[in-house]
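Please open the model in your viewer, set it to a cartoon representation, and keep the selection panel at hand. The stops below each begin with something to select and then say what is there.

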Amino acid sequence: MIADSAVDGSWASEAEANDDDGLRGKVAIIAGASGPGDGMTNGRAAAVVLARAGVRVVCVGRRREQLERTAAMIKSLGGEAIAIAADATVEDDCRAAVSTAVDHFGRLDILDNNVGVAARGTVVDLPIETW
């Protein structure tokens, strides 16, 4: 599995390395991209898998040291990533994270929210309080 290969420092097969599903060059914010030590969480796994497909990753969460570790994992595997400490429940932090992502990478294509509790709806339809 791709996420498992990130833990041991290797990419998966060469065929998988060339299969980007049209994602190569996109930019993604992964909210909740931290994890303890080298452990794999949903957010960290999403960040690594997307980076594996050529996505430039913006790792966002409250724990800077853990975010930096996620970014370092991605970089050690040849990917591009930055870490931004932000609280997804604070609107100004979210705006700053988006602004930093666009300033750094020139665009933003994907938002993967791996924090909080589940709520049904789209990013457009949910009120900010629910988001």
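The tour goes from the whole chain to the sheet, then to the helices, and ends at a few single residues.

**The whole chain**

Begin with everything selected, and keep in mind that this is a predicted model. The chain has five helices and four strands, and if you trace these elements from the N terminus onward they run α-α-β-α-β-α-β-α-β. Of its 131 residues, 36% count as buried, while the area that the chain exposes is about 7,400 Å², with carbon and sulfur atoms supplying 49% of it. If you display contacts with a separation of 6 or more, residues 24 or more positions apart account for 64% of them.

**The sheet**

Next, select the strands: in what order do the four of them form the sheet? The order is β3-β2-β1-β4, in an open sheet whose pairing is parallel. The edge strands, each of which pairs on one side only, are β3 (81-85) and β4. From one strand to the next, the twist averages 20°.

Now narrow the selection to β2 (residues 56-61) and β3, which run parallel and are joined by five bridges. To look at one bridge pair, pick Val 57, whose partner in β3 is Ala 81.

**Helices on the sheet**

Add helix α4 (residues 64-76), which packs on the sheet and touches β2 and β3, its direction making about 175° with that of β3. Then add α5, which also packs on the sheet, where it touches β1 (27-31), β2 and β3; the angle between the direction of α5 and that of β3 is about 155°.

**Helix α3**

Move on to residues 42-52, which make up helix α3, and colour them by accessibility: this helix is mostly covered, with nine of its 11 residues buried. The buried residues are Gly 43, Arg 44, Ala 45, Ala 46, Ala 47, Val 48, Leu 50, Ala 51 and Arg 52. Following α3, select Gly 54 and inspect its backbone torsions, since its phi is positive, near 95°.

**Ser 34**

Select Ser 34, in the loop between β1 and α3. Is this residue buried or exposed? Ser 34 is buried, because its relative accessible area is 11% and the cut-off for burial is under 20%. Once its neighbours within four places in sequence are left aside, Ser 34 is in contact with Thr 41, Arg 44, Arg 63, Gln 66, Leu 67 and Thr 70. One of these partners, Arg 44, is among the buried residues of α3 that you have already coloured.

**Glu 91**

Return to helix α5 and select Glu 91. With a relative accessibility of 36%, Glu 91 counts as partly exposed, a class that lies between the 20% and 50% cut-offs. Add Glu 129, which is 38 residues away along the chain, and draw a distance between the two C-alpha atoms: they are separated by 9.3 Å.

**A nonpolar patch**

For the final stop, switch to a surface representation and select Val 98, Val 102 and Leu 108, which make a nonpolar surface patch of about 190 Å². Leu 108 is found in the loop between α5 (91-105) and β4 (110-113), and at 32% relative accessibility Leu 108 counts as partly exposed. As for helix geometry in general, an α-helix has 3.6 residues a turn, so residues three or four places apart point the same way.

Key: Residues numbered from 1 in each chain as written. Predicted model: local features only at pLDDT ≥ 70, side-chain atom pairs only at ≥ 80, totals over all residues. Heavy atoms only, no water. Patch = residues over 30% accessible without salt bridge, like charges linked within 9 Å, V, L, I, M, F, W, Y side chains within 5 Å. Areas by Shrake-Rupley, 256 points an atom, 1.4 Å probe, with all protein chains shown as cover. Salt bridge = Lys/Arg side-chain N within 4 Å of Asp/Glu carboxyl O. Helix = DSSP H or I, 4+ residues; strand = E, 2+ residues; numbered from the N terminus. Buried < 20%, exposed > 50% of the residue type's maximum accessible area, 1.4 Å probe, protein only. Pairing = 2+ DSSP bridges. Axes fitted to C-alpha atoms, helices over the stretch in contact; angles between N-to-C directions. Contact = heavy atoms within 4.5 Å.
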